[in-house]
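Let's take a walk through this structure together, one region at a time. Have the sequence and the 3D view open, and follow along as each part comes up.

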Amino acid sequence: MMMLGPIGFGAPLVLAALAVLPLLWWLLRALPPVPTRIRFPGTALLAGLRDPEPIARRTPWWLLLLRMIAVAAVILAFAQPVWRPPPPQQEGDALLIVMDAGATAAPGWNAARNRAVRAAETAIAAGRPVSVLLADGQGDAPLIFAADGSVAATLRAAQPQPWPGRYPVADAEMFADLPDGVLRTIWFSDGLDHPNRAAWLAALTGAGPVEVIPQAIPATSLSMIGDGPQPVLELATTGEQAPDILALGPDPQGIPRELARLSPGPPRREGGVTIRPVQVDLPPELLGRVTRFAVDGVESAAALVLGDDRLRRPVVALISEGRATSEGQALLSPAHYLRSALAGSARLIETGLTDALSAGPDVIVMMDRVGLEPDGPLADWVAEGGLLIRFAGPRMAAAPDLVMEPLLPVRLRPGGRDMGGALSWGAPRPIAPFDADGPFGGLTIPEDVTVRAQLMAEPSPDLAERSIAALSDGTPLVTRAGMGEGRLVLFHSTANADWSTLPLSGLFVEMLDRLVSSAGTRAAAAEADPAQAQDGIWTATEILDGFGRLRDASDPAPVPQAALAEGPGPDVPAGLYASGERLVALNAGGPITEASWPGATVETSSTPGLPLAGWLLLAATLALVADLAGAMVLRRGGAGGVTAALLLVLFMPDLSRAQEIDPDLMRAANAFAMGYVLTGDAGLDETSRQGLSGLSHTLTARTTVEPTSPVAVDLETADLTLLTFLYWPIGSDQPVPSAQAYLRLNRYLRGGGMILFDTGDADLAGTGPDNSADLRRLAGPLDMPPLQPVPDDHVLTRSFYLLDDLPGRYAGGEVWVEASSARDGTVNDGVSPVVIGGNGWAEAWAVDDRGLPVFAVGTGMDGERQREIAHRFGVNLIMYVLTGNYKSDQIHVPALLERLRQEEGG
Amino acid sequence: MSAGSASSAAILRARAEAAAGALPPLILTRGPVAATVAPGGHGLRRAGTGEDFWQYRPAHEGDTARAIDWRRSARGDAQFVRDRERQTARTAAIWIGRGAGMAYAGQGAAGETKQDRARLIGLSLALSMLRGGERVSLLGRAPGGGNVQAGQLSLDLAGQALLPGDGDAPDPAMARPGQVVVLIDDFLVETPLLAQFLGNLSGFGSTAVLLQLLHPDEEEFPFGGAVRFETAGGLRHDTRDAEGLRMAYRARLAARREDLSRMATQAGALFGTHDLGRPASEALIWLHGVLAAR
């Protein structure tokens, strides 16, 4: 490629033809213009007449110039000019593939890995040693350059890890195995800076060209920067998009679903990264159910925040004496009323006092219990910020040393007070209106709430101040006092309906909500935050993989608190960790920085290089049209005809096209031709075309099926009814077709067509056809039957050749067809409407214009054998498509003959 | 006969009727009177069916009593029969050139073609002759008279197609005795057939009138610049300077007319020209004049 400024020429030798232009100028000047043609019957009289004085007429200069421009444009066009062409790829003597394998590399991982595998295989096929450096923070073994299949195997096995990526230290030891010569580096980056990256970049740019391939989907990181009742998340991304944040969790029925969708706030730029705060403004009962926040559409451990104790509702420990067994007893138990009241807004722990304290609750509720230790662990807990809510009751009233009882907001008078009983004069008392500034301010008191009995407080100067709710006669109903950083609250009545009707009313629930929400969760959060808690051995219960999928920790190793505090790493993958009752989430997301690439060439996602040939040819055509018009002006001297001719030239093609069927499709209907779906990725489309061409050659050579050259099918416009077989390579670039296109596709499938889906990723994970997100995205809306892997006796394995395996460029991938159980009653003559696999068949079939294979398959003779089998699979497939269940009947022919023979004999 | 041809024939007939209406009925004076059985206005100077008295002749045995002219017979003893002069029509044949050049209507190609004008003149003349009691036909067809023949003529003329070649000439074998032939053409392409036809005619004692019909372009030659002249028949002439050819062309045209005129005189025929830029009545009046001149 020759460069002239920003324009590169693919065939610079053609430019030499520009030297002909002056000659052409001279020739055109010398040649007279074409004479006017006139029909004239008097011509008979002119025979033999000579011009009296010959006049040399010359072409006018502007017409000449137009023609010159046309010719020059054509010459330039054939020199294959490209505007800002991609820099030429230098093939070094060895290849190093660097892949970011941290959590942020998960989006677009499959595409990057497939590209890496292809690059490695191409280099190995050319005999160049290849090494792989995975920046997953795990290995720091020296680079090993090899030219065997181990490199590709390493790449295929690689997965993004649920922790931030990190490069090993780039010292000389790493390069011990480096072969002599230029080292070419392909760097699959997630676009972020990771530790030691700059050192590696410097070392590698010194060793040879470095080509950086950023991942297609911008790296995204989601982290929680504020907790409490209204947590704040932070979304950092290298792209411009602001995807929504999904709050996921179980709904009231326990089915996991999307609970809410949050929009990120205003962006701010910081180090090439766009950071947006996300306010989680959800009702407490909804927030309490959220188990994780995820970025919509990004599958990455870094784009996921797992909920833990910090997100949860305040933990309320209910100190009780065990549950009542029957319903009648349940209605008598104070714990029942408290459970019902607190279930919506808090997480309840019902346990003994010791266990409850070890779980670090925010609130402890005690019912009618006396004899607490004044300086035990409970008192310490309250002093550290806990909220202790106590209820009075008959036991408290009967306690002899109630005056000495600690952990009460006020001193109580033993005995209590009955109102409205058989032996008392007064009626049950209603509740006085709440103080507007108090914790219960604004709550409305139902009229039927009355209190029949209560414990009385000893009069003291601060009694009125401590009383936050009172009866209509001024006696306190709820009192509150501080103790250390915590608080003590006493209900002077019971939590069941024995002493008052308050627990039966909604007011009770609201009062408890107010109290619980006033409890600071700060202490509990400090307890749950791995960075601040100082002790404890944590065990992973569930851990994330790099794509943000939770799975059970298979063999969790206990992790000390200190390791947890350092953040996720190879030994401490992101996930949920538990220690006793405490649960803490370790998230992979965190602050990110954009990487810079001095000295390396970064592949831009936009089309590299703009070919100019088409525009130049268009310019040449326009110049020729103008020339035609000019010539007509010269001849006729009229403008009307010129305009008409121009219009004719400009609009004729459109008119003719509007009335025609696509000739390719017509050919497909007339003489069999295979179709392939245009994916929008020019390389993939070209591979499809070459692959189907190769298969067409094979079919023509070996069978009576003689397909014409393959047809490119644009799903949005093409009339699919004319096609029989459609090859659909799954590429990440293809936009999802419109609903109309899917309607046509479904009609096509029902009408007997077949689609061969090829994910081309060799089904590396072995998880079946659901593996590829792109396949799910593109084929999801299709009317698919139930699928099964191709059974051994499927017609596909014996419709022409007998095959054991259905390999393409990759062997061994599972191929899926319509399940045989679903086959009854289908209209397709028993032919599966879809065949799904990832073996990269088109690449195995692909031949160039000379009929030579385009892609390497395997190595050596084994590879050629595999290619042959791939061709045989293609032949079988087309036979299967074209003959339907005729071939499956053929399988039964021996049995049928046998039966005929028996019938004749019998 | 297709409807289109019929309607174009009707249009042609209407236009020709209008053109001929301005002229008196044409009774031919030129040329011989043929011995035909058809009644007409020309005496054959012998006894026969007719309207005018020819002679009294003595009655012989075959004459019926009714045939005897008693008034003449009463003056003598012999019985006389009154004979009338045998009267017959003259026959005219019309020939219109069908060369491709006759389709020329100028460079605009939208005006009246030479063929249109020729048909109009031919049919108008024929109608006026028919009204004069003459027998008219296209050359080579059976002559006839009356309204039926007028219809047939207009149909034939309207249906006449052009030849692919440039020139056309009357077939010498079509020359018949006892008729007047009206030849209408541009006579631009030289052909020996015309001279042969005229020779045959004069040999039979018939006569002819030649009308050369030209477009103004063909008379004026208003072209200039580099031109390739073409004809439908494939004749070509390239020139760089058409203006320079104008005088030479006009000279050629004059020479051609001279030739035609001499040829006509030699055969006892008349030669006239008509320009498409002039009204058709000019040609009609001239033809009327030369055909009816005593």
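A good place to begin is a pair of neighbouring strands in chain A: strand β38 (residues 754-758) and strand β41 (residues 834-837) run parallel and are joined by four bridges. If you would like one pair of residues to click on, take D758(A), whose bridge partner in β41(A) is G837(A). Please keep in mind throughout that this is a predicted model.

Now zoom out from that pair. β38(A) and β41(A) belong to an open sheet of seven strands in chain A, in the order β36-β35-β37-β38-β41-β40-β39, and the pairing in this sheet is mixed. What stands at the edges? Those places are taken by β36 (708-713) and β39 (787-789) of chain A. Each has a single partner strand, so one side of each is left without a neighbour in the sheet. From one strand to the next, the twist averages 25°. A helix packs on this sheet as well: α20 (residues 682-702) of chain A touches β35 (673-677), β36 and β37 (725-729) of chain A. The direction of α20(A) makes about 150° with that of β36(A).

Chain A has another open sheet to visit. Here five strands are arranged in the order β6-β5-β7-β8-β33, and their pairing is parallel. The edge strands are β6 (130-135) and β33 (601-602) of chain A, each of which pairs on one side only. Inside this sheet, strand β5 (residues 94-100) and strand β7 (residues 183-189) of chain A are paired in the parallel sense over six bridges. To find the spot, look for A94(A), whose bridge partner in β7(A) is L183(A).

Which helices pack on this five-stranded sheet? One of them is α4 (residues 109-125) of chain A, which touches β5, β6, β7 and β8 (210-214) of that chain and makes about 170° with the direction of β5(A). Another is α6 (residues 197-207) of chain A, touching β5, β7 and β8 of chain A, with a direction about 130° from that of β8(A).

With those two sheets in mind, consider chain A as a whole. How many helices and strands are there in chain A? There are 26 helices and 41 strands. Of its 906 residues, 39% count as buried. Among contacts in chain A with a separation of 6 or more, 76% are between residues 24 or more positions apart.

A single residue gives a feel for such contacts. L348(A) is found in strand β18 (residues 347-351) of chain A. Its C-alpha atom is separated by 4.9 Å from that of V316(A), although the two residues are 32 residues apart along the chain. Leaving aside residues up to four places away in sequence, L348(A) touches V316(A), L318(A), R339(A), L342(A) and A343(A). Is L348(A) buried, exposed or partly exposed? With 18 other C-beta atoms within 10 Å, L348(A) is partly exposed, because a buried residue needs 20 or more.

Next, cross over to chain B. Where the chains meet, 22 residues of chain A are in contact with 30 residues of chain B. On the chain A side, the elements that give two or more residues are β3 (36-39) and α2 (43-46). The residues on that side divide into 14 nonpolar, three polar and five charged. Strand pairing also links the chains: β3(A) and strand β8 (residues 227-230) of chain B pair in the parallel sense over four bridges. In this pairing, I38(A) stands opposite F229(B).

Our last stop is helix α3 (residues 114-131) of chain B. With helix α4 (residues 146-158) of chain B, α3(B) packs at an angle of about 170°, their axes 10 Å apart. The two helices are therefore roughly antiparallel to each other. The residues that meet include L123(B) and L127(B) from α3(B), and A150(B) and L153(B) from α4(B). This contact divides into seven nonpolar residues, four polar and one charged.

α3(B) also meets helix α8 (residues 280-292) of chain B, where the axes come within 10 Å and cross at roughly 40°. That makes α3(B) oblique to α8(B), and the crossing is right-handed. Among the residues in contact are L120(B) and I121(B) of α3(B), along with L284(B) and L287(B) of α8(B). Here the division is seven nonpolar, one polar and one charged.

Notes. Residues are numbered from 1 along each chain as its sequence is written. Chains are lettered from A and ligands numbered from 1 in the order in which they are written. This is a predicted model: local features need pLDDT of at least 70, side-chain atom pairs count only at pLDDT 80 or more; totals for chains, interfaces and linings use all residues. Axes are lines fitted to C-alpha atoms, for helices over the stretch in contact, and angles run from 0 to 180 degrees between N-to-C directions. Angles under 35 degrees count as roughly parallel, over 145 as roughly antiparallel, 65 to 115 as roughly perpendicular and the rest as oblique. Two residues are in contact if their C-beta atoms, placed from the backbone, lie within 7 Å. Ala, Val, Leu, Ile, Met, Phe, Trp, Tyr, Cys and Pro count as nonpolar, Asp, Glu, Lys and Arg as charged, and the others, Gly among them, as polar. Two strands pair if DSSP finds at least two bridges between them. A crossing is left-handed if the near helix is turned anticlockwise from the far one by less than a right angle, and right-handed if clockwise. A residue is buried if 20 or more other C-beta atoms lie within 10 Å of its own, exposed if 12 or fewer, and partly exposed in between; C-beta atoms are placed from the backbone.
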